[in-house]
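Work through the exercises below with the sequence and the 3D structure open beside you. Try each task before reading its solution.

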Amino acid sequence: MKIRHRLIMFRRIVKAGLLNFIRNAWLGLAAIAVMVITLTIILFSIIANSTFTYTITQITDKIDISVYLKDDVTAKKRDQLIDDLKNLDSIREVNYVSKDEALEKYKEQNQGNLDLLLAISQTDNPLPASLQIKPQDPNNIEPIKQYLEQKDIQALQSDETSYSGDRKTAIDKITSATSFIGQAGAVSVLVFAFISMLIIFNTIQMAIFNRRSEITIMRLLGASTSYIRGPFIVESVIYGIVSGVISIFIVHTLFSISARAFGASSLGILDIEFANRYFADNFWKFLGLQLGVGILIGSISALIATRRYLKFKTSK
Amino acid sequence: MILLDRVTKKYNKNSQALERISLHVEPKEFVIIVGASGAGKSTILKLLTREEKPTTGKIIVGGLDYETLKDKEIPILRRKIGVVFQDFKLLPNKTVFENVAFALEIVGVGNKEIAHTVPRVLDIVGLKGKEKRMPRELSGGELQRVAIARAIVRQPRILIADEPTGNLDPKHAWDVIRVLEKINRYGTTVILTTHNQEIVNKLKRRVITIRDGRIASDKASGEYHS
């Protein structure tokens with residue numbers, strides 16, 4: 001009996017919320033508009049962030065490979081390794097840099113730093129000899145990696161294979177720049193989400209303010225708090241759902257237009273093709289996220305906005 | 001059933017709406033409260049529905065002491081009381097049928113029973129055929145009758161009617177009074193406030209006269225001369 005009663009009440013609350021949504025469509029429009037903007041910006045920030053990260057990986061992958069050799073590797077073994085590497089289909093070029101050459105290069109690079117030069121001249125050249133490998137296809141260095149990671153080849157190496165070479169500094173700069181962009185993006189998303197929550201809250205509160213007499217009447221007739229509040233929350237949840245769907249539709253449309261306009265090209269650090277694919281691959285996840293955030297913002301706003309009209313008089 | 005013990009209500013320091021009102025209403029009684037506007041009639045009703053809290057004094061209705069009443073219990077109290085508000089307080093976005101049905105919906109009455117009960121009650125108040133009208137399409141008298149239908153549809157133990165004949169011509173006014181008497185015969189305590197001398201004097205019921213926030217007279221079969 002109790003479950004049946006609850007079911008009846010729940011059905012009525014949902015129905016009332018739906019009716020309210022239809023009857024107050026114009027009032028809800030403002031709330032939906034603000035929510036759509038917020039959700040769209042949040043989604044864009046997420047995709048942009050992932051695209052930056054992807055671009056970084058791409059650049060990192062595109063660079064030369066350095067294999068550092070132990071000092072005790074014999075010339076014979078070294079030449080054998082070079083020959084073997086050259087025979088690999090995935091390698092275009094292998095250059096040997098001896099210990100002396102490495103030292104020269106190091107001194108050149110650190111010309112201004114006298115302390116460092118002094119220190120290194122007093123030691124027995126600590127720099128290893130290395131092999132500079134240029135892959136055939138920068139996007140496909142996996143076979144080379146696999147080859148270099150074999151046990152007997154690893155035994156010849158003094159340090160871990162470097163996949164960055166002399167572009168390391170450039171990559172580091174880009175990485176720190178993107179992580180800054182990512183952090184700034186996250187902060188601005190949070191700030192914007194907060195501001196729009198205030199606006200959404202105000203809009204919903206205005207819609208509820210217009211119907212405060214209704215709430216008072218329901219109160220006087222003996223309706224419980226949840227029975228009065230329920231329809232307002234259902235209504236706001238519908239705002240959230242509608243906004244979530246609209247925002248994902250907007251993002252989808254923008255991506256398909258931009259993909260058609262720019263083709264597979266990249267806009268600076270933004271790889272449109274990747275962004276588009278990333279969006280398509282995670283479509284359902286994003287839809288869920290948009291709906292979730294929309295529903296959450298809507299229902300919390302309605303919950304707070306109805307509070308004051310539901311209070312009983314306490315003054316004597 | 002209903003007990004007010006030395007109830008005083010002040011809305012602010014200078015104005016005193018009620019002063020030390022004490023009254024007792026038995027179950028199944030039919031009580032008429034009369035008095036000029038501003039005398040404090042509506043304040044009594046507002047105190048009974050716990051719309052307002054008394055400044056001092058004790059109120060007990062149906063065994064519930066208002067002083068210890070928790071917020072959660074207020075809706076439960078109000079469900080026991082049917083109220084015909086002076087300004088009707090109908091829900092503007094609901095049809096006549098929905099307005100009356102609402103009183104049943106909030107207490108969880110099933111749809112079948114609502115579909116069965118509401119038309120019967122609308123018939124009693126003479127609104128048959130106007131179920132689908134919106135409040136804005138109705139005349140003052142019709143609105144009043146919707147309010148009455150809503151108040152009686154739950155068959156409450158207490159019915160409070162604040163000037164329910166105010167907007168009605170004599171014929172309809174008497175129709176409404178007959179409905180109240182009928183409800184009373186079925187066992188509901190009725191508290192009626194009115195200005196209408198003719199009705200008061202013909203009914204020959206208990207009449208409580210309020211003047212300047214005090215009980216001026218309380219007679220078992222009273223009359224009213226303003």
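The exercises that follow concern a predicted model, and each task is followed by a worked solution.

**Exercise 1. A sheet in chain A**

Task: Find the strand order of the open sheet of 3 strands in chain A, and say which strands stand at its edges.

Solution. Step 1: Begin with the general rule. Strands of a sheet pair through backbone hydrogen bonds, either parallel or antiparallel.

Step 2: Read the order across the sheet. In chain A it is β1-β3-β2, and the pairing is antiparallel.

Step 3: Look for strands with a single partner. β1 (65–69) and β2 (91–97) of chain A each have one partner strand, so one side of each is left without a neighbour in the sheet. These two are the edge strands.

Step 4: Add the twist. Direction ignored, neighbouring strands of this sheet are turned by 20 degrees against each other on average.

Step 5: Check one pair in detail. β1(A) and β3 (residues 129–135) of chain A run antiparallel and are joined by 5 bridges. Opposite Leu69(A) stands Ala129(A), in β3(A).

Step 6: Place the helix. α3 (residues 75–87) of chain A lies across β1, β2 and β3 of that chain and runs at about 160 degrees to β2(A).

**Exercise 2. The two sides of a helix**

Task: Decide which residues of α6(B) are buried, and explain why they lie on the same side of the helix.

Solution. Step 1: Describe the helix. α6 (residues 170–185) of chain B has 16 residues and reaches 22 Å from its first C-alpha to its last, close to the 22 Å expected at 1.5 Å a residue.

Step 2: List the buried residues. In α6(B) they are Ala173(B), Val176(B), Ile177(B), Val179(B), Leu180(B) and Ile183(B). These residues cover an arc of only 150 degrees around the axis, which puts them on the same side of α6(B).

Step 3: Recall the geometry. An α-helix has 3.6 residues a turn, so residues three or four places apart point the same way.

Step 4: Turn to the other side. There, Pro170(B), Lys171(B), Arg178(B), Lys182(B) and Arg185(B) are exposed.

Step 5: Find what covers the buried side. The buried residues of α6(B) pack against α4 (111–124), α5 (140–152), β7 (158–162), β8 (189–194) and α7 (197–203) of chain B.

Step 6: Follow the chain past the helix. Just after α6(B) comes Gly187(B), with a positive phi of about 115 degrees.

**Exercise 3. A covered strand and a hairpin**

Task: State whether the faces of β6(B) are covered or uncovered, then trace the partners of β1(B).

Solution. Step 1: Recall that in a regular strand the side chains alternate between the two faces of the sheet.

Step 2: Apply this to β6 (residues 81–84) of chain B. Ile81(B) and Val83(B) are on one side, Gly82(B) and Val84(B) on the other, and all are buried, leaving both faces covered.

Step 3: Find a partner. β6(B) and β7(B) run parallel and are joined by 4 bridges; Ile81(B) has Ile158(B) as its bridge partner in β7(B).

Step 4: Move to β1 (residues 2–10) of chain B. Over 5 bridges, this strand pairs with β4 (residues 56–61) of chain B in the antiparallel sense. Thr56(B) in β4(B) is the bridge partner of Thr8(B).

Step 5: Turn to β2 (residues 16–25) of chain B, which pairs with β1(B) in the antiparallel sense over 6 bridges. Leu23(B) in β2(B) stands opposite Leu4(B). A hairpin of 5 residues joins the two strands β1(B) and β2(B).

**Exercise 4. Where the chains touch**

Task: Describe the side of chain B that touches chain A, and say which helix gives the most to it.

Solution. Step 1: Count the residues. The contact takes 17 residues from chain A and 21 residues from chain B.

Step 2: Identify the helices. On the chain B side, α2 (74–80) and α3 (96–105) each supply at least two residues. α2(B) gives the most, with 4 residues.

Step 3: Sort by class. This side of chain B has 8 nonpolar, 5 polar and 8 charged residues.

Step 4: Examine α3(B). Of its 10 residues, 8 are buried, among them Val96(B), Phe97(B) and Phe102(B). The buried residues of α3(B) pack against α1 (2–23) of chain A, together with α4 and α5 of chain B.

How values were computed:
Residues are numbered from 1 along each chain as its sequence is written. Chains are lettered from A and ligands numbered from 1 in the order in which they are written. This is a predicted model: local features need pLDDT of at least 70, side-chain atom pairs count only at pLDDT 80 or more; totals for chains, interfaces and linings use all residues. Two strands pair if DSSP finds at least two bridges between them. Axes are lines fitted to C-alpha atoms, for helices over the stretch in contact, and angles run from 0 to 180 degrees between N-to-C directions. Two residues are in contact if their C-beta atoms, placed from the backbone, lie within 7 Å. The expected span of a helix is 1.5 Å times one less than its number of residues. A residue is buried if 20 or more other C-beta atoms lie within 10 Å of its own, exposed if 12 or fewer, and partly exposed in between; C-beta atoms are placed from the backbone. The arc is that of the directions from the helix axis to the C-beta atoms. Ala, Val, Leu, Ile, Met, Phe, Trp, Tyr, Cys and Pro count as nonpolar, Asp, Glu, Lys and Arg as charged, and the others, Gly among them, as polar.
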